[in-house]
Amino acid sequence: MRKIILLITCMFGISVFSQIKVLKNESLVEIGKDNSVGLYKKEDKYTVNYQDLNTSNLNTIRAFSFQNLNGDVSGLYKLITDGFISAPEENIVLELPNDIIELHYERNYGQPTVQFIQYINKNRKYVGKSQFLTQKQVDKVFGRTNGKYTMYDKAPTLNQEGVKKGGASTASTATPASGAKKKAKK
């Protein structure tokens with residue numbers, strides 16, 4: 001009887017003090033990826049991962065995330081592609097819940113390109129920069145070439161009164177602050 005109680009006590013002690021715990025496997029879906037930039041979805045949260053070229057360690061991977069509340073992913077894609085058509089004079093500044101993102105447009109080898117510049121935790125001291133992306137690469141990242149854009153490209157469920165009053169608080173549908181100031185001065 002003592003041996004059985006000792007055996008049960010030992011088994012109970014091992015299970016209570018174990019260090020490894022099995023967690024629920026949450027699915028992360030890749031929307032699109034090109035080289036070191038990728039767009040991923042987890043439930044209704046979208047994350048852009050990129051290799052940070054601004055650090056001396058080229059193995060540094062940075063990310064910024066946002067919810068697709070009012071068609072923000074489609075809005076971001078449209079904002080980026082509109083910049084390829086008519087390049088803005090200044091960087092387009094987007095405020096996300098945790099970070100500030102700038103879209104920096106530049107011509108490389110005669111082609112218009114865009115670069116993500118991330119101010120980590122909204123702090124101007126910590127900056128991450130992605131590689132420059134062409135229109136074709138942006139299409140690939142946003143799943144336009146593999147058809148996965150249908151995962152986020154739905155009509156926004158925003159009432160028209162919120163749009164007229166400026167009630168939409170998404171960065172992707174708002175007019176960029178930097179471009180609006182420059183046009184007003186002219």
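In helix α2, the buried residues are D72, V73, S74, G75, L76, Y77, L79, I80, T81, G83 and F84; buried means under 20% relative accessible area, exposed over 50%, and partly exposed in between, with a 1.4 Å probe and protein chains only. Because 11 of the 14 residues of α2 are buried, this helix is largely enclosed by the rest of the structure. The model is predicted: local features need pLDDT of at least 70, side-chain atom pairs count only at pLDDT 80 or more, and totals for chains, interfaces and linings use all residues. Residues are numbered from 1 along each chain as its sequence is written, and side-chain values use heavy atoms, with hydrogens and water left out.

The chain holds 5 helices and 8 strands. Helices (H or I, at least four residues) and strands (E, at least two) are DSSP runs, numbered from the N terminus. In order from that end, the elements run α-β-β-β-β-α-β-β-β-β-α-α-α. Of the 186 residues in the chain, 35% are buried.

α2 has 14 residues and spans 20 Å from its first C-alpha to its last, close to the 20 Å expected at 1.5 Å a residue; the expected span is 1.5 Å times one less than the number of residues.

The strands form two open sheets, described in the table. Two strands pair if DSSP finds at least two bridges between them. Axes are lines fitted to C-alpha atoms, for helices over the stretch in contact, and angles run from 0 to 180 degrees between N-to-C directions.

| Strand order | Pairing | Edge strands | Average turn between neighbouring strands |
|---|---|---|---|
| β1-β2-β3-β4 | antiparallel | β1 (29-34), β4 (61-67) | 15 degrees |
| β5-β6-β7-β8 | antiparallel | β5, β8 (127-129) | 25 degrees |

In the sheet that starts with β1, this strand pairs with β2 (residues 37-42) over 5 bridges, and G32 has L39 in β2 as its bridge partner. In the other sheet, β5 and β6 pair over 4 bridges; V93 has E102 in β6 as its bridge partner.

Helix α2 (residues 72-85) lies across β2, β3 (45-51) and β4, at about 120 degrees to β4. α2 also lies across β5, β6 and β7, at about 30 degrees to β6. Contact means heavy atoms within 4.5 Å.

A nonpolar core is a set of buried Ala, Val, Leu, Ile, Met, Phe, Trp, Tyr and Cys residues joined through side-chain atoms within 4.5 Å. The largest such core has 27 residues, and those with the most contacts inside it are L39, I80, L103, F116 and F142. At least two residues each come from β2, β3, β4, α2, β5 (92-95), β6 (100-108), β7 (111-119) and α3 (135-141). α2 gives the most, with 6 residues. Leaving aside neighbours within four places in sequence, I80 is in contact with L103, Y105, V114, F116, V138 and F142.

A polar residue is also enclosed. D52 is found in the loop between β3 and β4, and D52 counts as buried because its relative accessibility is 0%. A polar atom of the D52 side chain lies 2.9 Å from the backbone nitrogen of N54. Not counting residues up to four places away in sequence, D52 touches N57, L58, T60, R62, V127, G128 and K129.

Note on methods: A polar contact is a pair of N or O atoms within 3.5 Å; within protein, one must be able to donate a hydrogen and the other to accept it, and residues adjacent in sequence count only if both atoms are side-chain atoms.
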